[in-house]
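The following paragraphs lead the reader through the sheets and helices of one structure. The sequence and the model should be kept at hand.

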Amino acid sequence: MLELSRADLHVSVSDPVATSMNFLNEVAGRYPGAISLAAGRPYDGFYSAGDVGRYQQSYVDHLRSRGLGEEQVRGLLLQYGRTNGQLGELIARMLEVDEGITVPADAVMVTAGCQEAMVITLRALCPGPDDVVLTVEPCYVGLTGAARILGVEAVPVPEAPGGVDPETVAEVARRVRAAGKRPRALYVVPNFSNPSGVSLPLATRHRLLEVAAEQDLLLLEDDPYGLFGLDDEPRPTLKSLDTEGRVIYLGSFAKSCFPGARVGFLVADQTVVDEEGRRTLLADEMSAIKSMLTVNTSPISQAVIGGVLVESGCSLRTANRDKVAFYRNNLRTLLSALETHFPQPDRDARGIRWNVPSGGFFAVVDVPFPADEKLLELSAEQFGVLWTPMSFFYSDGGHRAIRLSCSYLEAEQIAEGVRRLARLVTENA
């Protein structure tokens, strides 16, 4: 049989970040009794298999109420369908109701998960070898992985304790230009980011938009956790504050509905002008990329999400009230358990500290020793608890910090997981 040299394969197959995430999954599989404070997936208790058929029927009823006949309904569900998807109107309405974002339905592209939206956006914006994307670091591995697959250089912008500093963004952009390259966009998660849990203050959001204009950058705003704040304080999206068309909005229904639907979306309402002066929407231009990637997002999956939107009056905030309460309680449980099991003044003496996010699924704990893959396996085997090394989210850094997730477990499991973690830290500190 033919043997291939790994050296002849694309660098993405041996991406250290992807390899690390695979290792994390393997450890979880080898130690099924370990409590996972690593998994960032949503809680299973909100879903049932019966939801799929119910939501699909709600969407079919919606189509019929608009006057579509049975043959048209069948075609929408069972044929390939429009490349950019059929949920544009419902998603545009949802964005207006929930986020105060007003965009035309044609500016919405429905994607096979938000990961595809990232790949399409990077491919469209970075056509040449000197085109660079800036990433707030620590960074969600899906974006850096997409850049690696496409051969797009991702340049980190270090995150401060209060979130990314717009002046640092400007400094990095200037440095990239001085090196002969073109910074095209900045990837940022303004609300309760993964992995750090940091949320940007309103003044920072406004200044970031100003810097984007000054540096001729687009902002790739990813907002999977914006619904899940610890309070009802308004946290306006960058897209809702954008007056110059600088923001491409990336969305997902994985946390707000359920991951198995594999439906995400992007909003690209920027105008594209060709050589003859004809104008189109960026989302329309991107459809050529999607048509060569996944052809179109599964219409059956779109029907499930469409049903969720129809039943909720196009408001994910309405549809997720119970989930919001659950995740708020989980985050409070996590932070309270850290206080209980790492009391003062002992934790300061040992160099143990953590941030206190105002929402989302994650918190970061600094520890006084290397938190690497070897320690993670020891943690699972001997202490029965999993977590994620923060080094997975850096190009080079985060070696003495861990990410804790509180989304997948019930409160009692979270408290027990932190108790086990405290034993690990005590023995290694």
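Two strands are taken to pair if DSSP finds at least two bridges between them. The model discussed here is predicted. In general, the strands of a sheet pair through backbone hydrogen bonds, in either a parallel or an antiparallel manner.

One open sheet contains eight strands in the order β2-β9-β8-β7-β6-β3-β4-β5, and its pairing is mixed. Strands β2 (108-111) and β5 (163-164) have a single partner strand each and therefore stand at the edges, with one side of each left without a neighbour in the sheet. Within this order, β3 (residues 131-137) and β6 (residues 182-188) run parallel and are joined by five bridges. L134 has L186 of β6 as its bridge partner. Helix α10 (residues 282-291) lies across β2, β8 (247-252) and β9 (264-267), and runs at about 25 degrees to β2.

A second open sheet has four strands, ordered β12-β13-β16-β15, with antiparallel pairing. Its edge strands, β12 (353-354) and β15 (388-389), each pair on one side only. Two bridges connect β15 with the antiparallel strand β16 (residues 401-405), and P389 stands opposite I402 in β16.

Attention may now turn to a pair of helices. Helix α5 (residues 113-125) packs against helix α6 (residues 141-150) at an angle of about 45 degrees, the axes being 9 Å apart. Because of this angle, α5 is oblique to α6. The crossing of α5 past α6 is right-handed. On α5 the contact is made by Q115, M118, V119, L122 and R123, and on α6 by G142, L143, A146, A147 and L150. Of the residues in this contact, seven are nonpolar, two polar and one charged.

Technical notes: Residues numbered from 1 in each chain as written. Predicted model: local features only at pLDDT ≥ 70, side-chain atom pairs only at ≥ 80, totals over all residues. Heavy atoms only, no water. Axes fitted to C-alpha atoms, helices over the stretch in contact; angles between N-to-C directions. Parallel < 35°, antiparallel > 145°, perpendicular 65-115°, else oblique. Left-handed = near helix turned anticlockwise from the far one by under 90°. Contact = heavy atoms within 4.5 Å. Nonpolar A, V, L, I, M, F, W, Y, C, P; charged D, E, K, R; others polar.
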